[in-house]
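Here are my notes on the model you sent round. They are numbered so that you can reply point by point.

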Amino acid sequence: MSLSPRRVLAALLLSASLLVATPSAARAAAVEVDGEISVPCWIYTYNQDADWYFPATTSPKALVFLQHGFSRSNTNVADLAREYQAAGFLVVAPQLPSINLYGCTVNNTGNNTTFLNSVAAWLGQATTPNSALARSYAAAATAAGRSGSTLPAKYVLAGHSAGGEAVTYIANRLRTTHPSAFAALRYVQLLDPVKSPAGSNMATGLSGLAGTSLPILTISSPPYLSNSNASGTVELINQLDRPFLGVRLTSGSHCDAEGASTDGLCTLTGGASQAKNVTALQTLAVAWASDAVAGTTTATYYPGGAYYQGLLTAGTIETLS
């Protein structure tokens with residue numbers, strides 16, 4: 001496990017810029033660590049890449065578990081991870097396979113529920129010192145100069161595309177199997193979620209979560225081939241009877257959640273993003289997560305608020321309910 005040269009340079013530059021910070025401000029250098037995390041599946045144990053984003057504070061608001069989608073990588077969600085990081089969140093972005101003979105995949109091409117149960121156990125067993133997430137964090141914290149620190153007590157799950165379905169299933173798995181971890185889960189952010197071609201993971205997850213007070217919101221794009229005609233958003237609307245379910249970016253692309261870290265494969269299949277849509281997505285996603293963790297409602301980012309209404313008036317978003 002190591003820091004790449006570019007991340008070492010970025011950390012050193014930012015460290016220099018923060019030397020004037022006072023100890024009372026609990027400031028530190030924002031650091032990115034290219035780590036790894038182990039996960040069992042079938043008879044194997046996979047060692048997966050896991051990028052950690054440490055904020056410029058020694059007391060992060062919460063841990064954001066940020067999951068990429070089908071045929072994508074954790075590198076593709078780096079831009080959004082840095083937005084959460086800049087807002088004071090600790091972020092972990094794991095790399096999960098999209099194709100695997102044994103169902104060890106982020107998307108469900110047959111039956112990946114056993115694999116996702118193991119992924120859910122990362123959070124479910126996070127307070128156990130020798131657990132996979134605890135070991136991954138400890139190694140990353142050492143590389144980041146944060147030795148001796150602990151994982152935040154609060155969690156946020158955020159997933160793009162098939163990752164949206166995955167985190168929905170994981171949230172419900174925490175509810176049924178890891179109740180203490182579920183109690184620490186504050187928010188689920190779905191980013192243009194897509195249902196898998198097989199199974200019922202998203203329906204199962206949403207059905208189980210429907211009776212809880214856990215905030216679940218989406219930022220979606222219009223129906224396209226690349227998001228299976230907005231299949232995940234349709235599932236959310238059908239399964240959750242709540243007055244506000246999030247927004248649709250009216251001219252959005254399936255790649256908006258990836259922002260500046262997207263690539264040609266996504267834009268070829270999902271359309272090129274517009275700057276206004278990426279900005280709106282990042283602003284709302286971070287603001288909603290911050291409110292959910294703090295137990296507050298910053299009015300400007302919700303229906304009736306100035307920022308939200310400005311997006312509505314400009315035709316950038318439409319409300320989902």
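1. Which residues does T105 touch, not counting residues up to four places away in sequence? The model is a predicted one, and in it T105 touches P97, S98, I99, N100, N112, F115 and L116. T105 is found in the loop between strand 4 (90-94) and helix 3 (113-124).

2. Is T105 buried or exposed? Its relative accessible area is 0%, so T105 is buried. The side chain of T105 also has a polar partner, reaching the backbone oxygen of N107 at 2.5 Å.

3. Some overall values for context. The protein has 11 helices and 9 strands. Its radius of gyration is 19 Å, which agrees with the value near 20 Å that a compact globule of 321 residues would have. The C-alpha trace spans about 50 × 45 × 40 Å along the principal axes.

4. On burial and surface: 56% of the 321 residues are buried. The protein exposes about 12,800 Å², and carbon and sulfur atoms supply 57% of that area. Of the contacts with a separation of 6 or more, 74% are between residues 24 or more positions apart.

5. On charge: the protein has 16 positive and 16 negative charges. The mean positions of the two sets are 7 Å apart.

6. T57 is placed in the loop between strand 2 (44-54) and strand 3 (63-67). T57 counts as buried because its relative accessibility is 15%, and the cut-off for buried is under 20%. The side chain of T57 reaches the backbone nitrogen of S59 at 3.1 Å. A30 is 27 residues from T57 in sequence, and the C-alpha atoms of T57 and A30 are 7.6 Å apart in space.

7. The loop between strand 7 (216-220) and helix 8 (231-239) holds N227. Which residues is N227 in contact with, leaving aside its neighbours within four places in sequence? They are D192, V194, S221, P222 and H254. N227 has a relative accessible area of 0% and is therefore buried. Its side chain reaches the backbone nitrogen of Y224 at 2.8 Å.

8. A230 is found in that loop too, between strand 7 and helix 8. A230 is not a glycine, yet has a positive phi of about 60 degrees. Most residues other than glycine have a negative phi. With a relative accessible area of 0%, A230 is buried.

9. W42 is another residue with a positive phi, about 55 degrees, although it is not a glycine. W42 is found in the loop between strand 1 (31-41) and strand 2. Is W42 buried or exposed? W42 is exposed, because its relative accessible area is 56% and the cut-off for exposed is over 50%. A230, by contrast, is buried. Please look at both residues in the structure when you check the backbone.

10. Helix 8 follows the loop that holds N227 and A230. In helix 8, the buried residues are S231, G232, T233, E235 and L236. What do the buried residues of helix 8 pack against? Their partners are strand 6 (185-191), helix 7 (201-209), strand 7, strand 8 (246-249) and strand 9 (317-320).

11. Q309 lies in helix 11 (residues 306-313). Its relative accessibility is 30%, so Q309 counts as partly exposed. Leaving aside neighbours within four places in sequence, Q309 is in contact with P303 and G304. With G304 there is a polar approach: the backbone nitrogen of G304 lies 2.8 Å from a polar atom of the side chain of Q309. G208 is 101 residues from Q309 along the chain, and the C-alpha atoms of the two are separated by 32 Å.

12. A last point on the side chains that reach the backbone. T57 reaches the backbone nitrogen of S59, N227 reaches the backbone nitrogen of Y224, and T105 reaches the backbone oxygen of N107. T57 counts as buried at 15% relative accessibility, while N227 is buried at 0% and T105 is buried at 0%.

Terms used
Residues are numbered from 1 along each chain as its sequence is written. This is a predicted model: local features need pLDDT of at least 70, side-chain atom pairs count only at pLDDT 80 or more; totals for chains, interfaces and linings use all residues. Side-chain values use heavy atoms; hydrogens and water are left out. Helices (H or I, at least four residues) and strands (E, at least two) are DSSP runs, numbered from the N terminus. The radius of gyration is taken over C-alpha atoms; the globule rule is 2.2 Å times the number of residues to the power 0.38. Buried means under 20% relative accessible area, exposed over 50%, partly exposed in between (1.4 Å probe, protein chains only). Contact means heavy atoms within 4.5 Å. Accessible areas come from the Shrake-Rupley method with a 1.4 Å probe; for residues, only the protein chains shown count as cover. Lys and Arg count as positive and Asp and Glu as negative; His and the chain ends are not counted. The place of a charge is taken as NZ of Lys, CZ of Arg, CG of Asp or CD of Glu. A polar contact is a pair of N or O atoms within 3.5 Å; within protein, one must be able to donate a hydrogen and the other to accept it, and residues adjacent in sequence count only if both atoms are side-chain atoms.
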